[in-house]
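Work through the exercises below with the sequence and the structure open. Try each task before you read its solution.

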Amino acid sequence: MNAKHRLTLKSYRDLQRWSVDQDNYRKFWEDAYSFLRISPTGVEVKRVLAEACTTRSARLKSANLLLSKAGRDVPLFPPPEFFPDERFSIAELILRRGGDNETAIYGSFEGVPGIQKVTWSELRARVQQAYDSLGSIELRANDKVAAVISNSVHAIVLCLATLAHGAIWSSTSCDMGVKAILDRYQQIRPTTVFAERSYVYAGKQIDLHSRISEWSRELKRTNPQMKMTVLLLSDRGISRRTSIPDCVSWDDFSNRATGRKLVFTKFPFSHAAFILFSSGTVSFISLCIIAMQTDRLLRITDGCSKVHCAFRRG
């Protein structure tokens with residue numbers, strides 16, 4: 001910033017003040033857009049930014065949302081709309097990052113020796129397969145896909161495949177009880193729920209068959225648009241068949257794939273990508289928290305990681 005704009009900024013606070021000034025905010029976001037490598041593949045960054053920022057500037061000035069030259073605070077509601085003419089896919093921005101043979105994920109599981117490594121090529125292939133199968137059950141943008149799942153490669157694959165469709169992802173821990181799961185998912189009415197059959201805790205394998213049967217049946221009863229529950233193959237789990245209504249195995253779900261290519265549907269910055277939940281209490285159920293793709297996008301870009309978290313390759 002100092003070199004490009006002939007400034008003498010010395011601290012984070014100096015940069016923050018400069019970036020929100022009405023004469024500078026457009027320059028800041030143009031530079032941030034390039035530095036964070038947000039631009040979709042093949043898009044000329046400056047041209048897109050010029051169009052988007054001009055539109056945003058007009059909207060913000062008319063709504064009186066900018067800081068005055070005197071530094072007076074003004075309301076930021078309704079929220080400013082960043083790059084309103086631009087469209088993004090957070091799944092594409094994640095999957096375009098690494099070389100085919102580079103490691104994308106390191107996985108470690110209780111009761112399973114060693115470290116699982118998944119390359120970027122393998123991850124893209126697995127996301128494409130899940131994307132294909134989700135398309136075969138007619139997943140649409142803004143549909144909700146939920147999962148009762150541990151932190152695993154499965155979770156990452158299904159999340160990215162969901163986001164590639166422009167659908168909204170939500171997940172809960174597989175050790176949650178039936179009531180906690182229903183409190184959350186009855187609010188958001190998912191069309192599809194993925195579930196792990198078992199998990200390992202303190203060296204013991206916990207069978208989740210009865211819990212899945214109970215919450216899946218109740219979700220289906222109260223949510224007519226729910227199509228199915230998909231039972232995931234566990235890295236160390238139980239593979240028996242179940243009699244859960246509208247429940248299919250991972251193999252049956254995967255066999256619905258027809259060979260469709262992975263196509264990233266692009267949406268505005270403000271498009272919802274995730275539904276999170278508050279922890280809840282004895283007296284109150286968990287509340288939904290909608291996270292836009294903007295929020296996640298800025299956190300997963302390489303530049304943001306380098307600046308905010310001081311992450312470096314290796």
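**Exercise 1. The chain as a whole**

Task: Find how many helices and strands the chain has, and what share of its residues is buried.

Solution. Keep in mind that this is a predicted model. The chain has 12 helices and 11 strands. Buried residues make up 43% of its 314 residues. Next, take the contacts with a separation of 6 or more. Of these, 66% are between residues 24 or more positions apart.

**Exercise 2. Two helices that meet: H6 and H7**

Task: Classify the crossing of H6 and H7 by angle and by hand, then list the residues that meet.

Solution. Start with the axes. Those of H6 and helix H7 (residues 153–164) come within 8 Å and cross at roughly 55°. Now compare the angle with the cut-offs. Roughly parallel needs under 35 degrees, and roughly perpendicular starts at 65. H6 and H7 are therefore oblique to each other. Their crossing is right-handed.

Now the residues:
- H6 brings Leu-123, Arg-126, Val-127, Ala-130, Tyr-131 and Leu-134.
- H7 brings Val-153, His-154, Ile-156, Val-157, Leu-158, Leu-160, Ala-161, Thr-162 and Ala-164.

By class, the contact of H6 with H7 holds 12 nonpolar, 2 polar and 1 charged.

**Exercise 3. A second pair: H8 and H9**

Task: Do the same for H8 and H9: what is their relative orientation, and which residues make the contact?

Solution. Helix H8 (residues 178–188) and helix H9 (residues 209–222) have axes that come within 10 Å and cross at roughly 30°. The cut-off for roughly parallel is under 35 degrees. So H8 is roughly parallel to H9. The crossing is right-handed.

The contact has two sides:
- From H8 come Val-178, Ile-181, Leu-182, Tyr-185 and Gln-186.
- From H9 come Arg-211, Glu-214, Trp-215, Glu-218, Leu-219 and Thr-222.

Sorted by class, the contact of H8 with H9 has 6 nonpolar, 2 polar and 3 charged residues.

**Exercise 4. Asp-132**

Task: Decide whether Asp-132 is buried or exposed, and find which residues it touches beyond four places in sequence.

Solution. Place the residue first: Asp-132 lies in helix H6 (residues 120–136). Its relative accessibility is 2%, so Asp-132 counts as buried; the limit is under 20%. Leaving out residues up to four places away, Asp-132 touches Ala-257, Thr-258, Gly-259 and Arg-260. Then check a C-alpha distance. Asp-132 and Ala-161 are 29 residues apart along the chain, and their C-alpha atoms are separated by 8.4 Å.

**Exercise 5. Thr-229**

Task: Locate Thr-229, and find which side chain it joins in a polar contact.

Solution. Thr-229 is in strand S8 (residues 228–232). Its relative accessible area is 0%, which means Thr-229 is buried. Its side chain is joined to that of Ser-216 by a polar contact of 2.9 Å. Beyond four places in sequence, the contacts of Thr-229 are Val-193, Ala-195, Ile-212, Trp-215, Ser-216, Asp-246, Cys-247 and Val-248. One of these, Trp-215, is also in the contact of H9 with H8.

**Exercise 6. Phe-28 and Leu-287**

Task: Assign each residue to buried or exposed: first Phe-28, then Leu-287.

Solution. Phe-28 sits in helix H3 (residues 25–35). At 17% relative accessibility, Phe-28 counts as buried, because the limit is under 20%. Outside its sequence neighbours up to four places away, Phe-28 touches Met-1, Leu-15, Trp-18 and Ser-19. The C-alpha atoms of Phe-28 and Trp-18 are separated by 8.3 Å.

Leu-287 is in the loop between strand S10 (272–277) and strand S11 (288–292). With a relative accessible area of 53%, Leu-287 is exposed; the cut-off is over 50%. Its contacts beyond four places in sequence are Gln-187, Leu-276, Phe-277 and Ser-278. Gln-187 is 100 residues from Leu-287 along the chain, with a C-alpha separation of 8.5 Å.

**Exercise 7. Positive phi**

Task: Find where Arg-6 and Glu-138 lie, and read phi for Arg-6 and for Glu-138.

Solution. Arg-6 is in the loop between helix H1 (2–5) and helix H2 (12–20). Its phi is near 55°, positive in a residue other than glycine. Arg-6 is exposed, with a relative accessible area of 79%. Glu-138 lies in the loop between H6 and strand S3 (144–148). Glu-138 is not a glycine either, yet has a positive phi of about 60°.

How values were computed. Residues numbered from 1 in each chain as written. Predicted model: local features only at pLDDT ≥ 70, side-chain atom pairs only at ≥ 80, totals over all residues. Heavy atoms only, no water. Helix = DSSP H or I, 4+ residues; strand = E, 2+ residues; numbered from the N terminus. Buried < 20%, exposed > 50% of the residue type's maximum accessible area, 1.4 Å probe, protein only. Contact = heavy atoms within 4.5 Å. Polar contact = N/O pair within 3.5 Å; in protein donor to acceptor, adjacent residues only side chain to side chain. Axes fitted to C-alpha atoms, helices over the stretch in contact; angles between N-to-C directions. Parallel < 35°, antiparallel > 145°, perpendicular 65-115°, else oblique. Left-handed = near helix turned anticlockwise from the far one by under 90°. Nonpolar A, V, L, I, M, F, W, Y, C, P; charged D, E, K, R; others polar.
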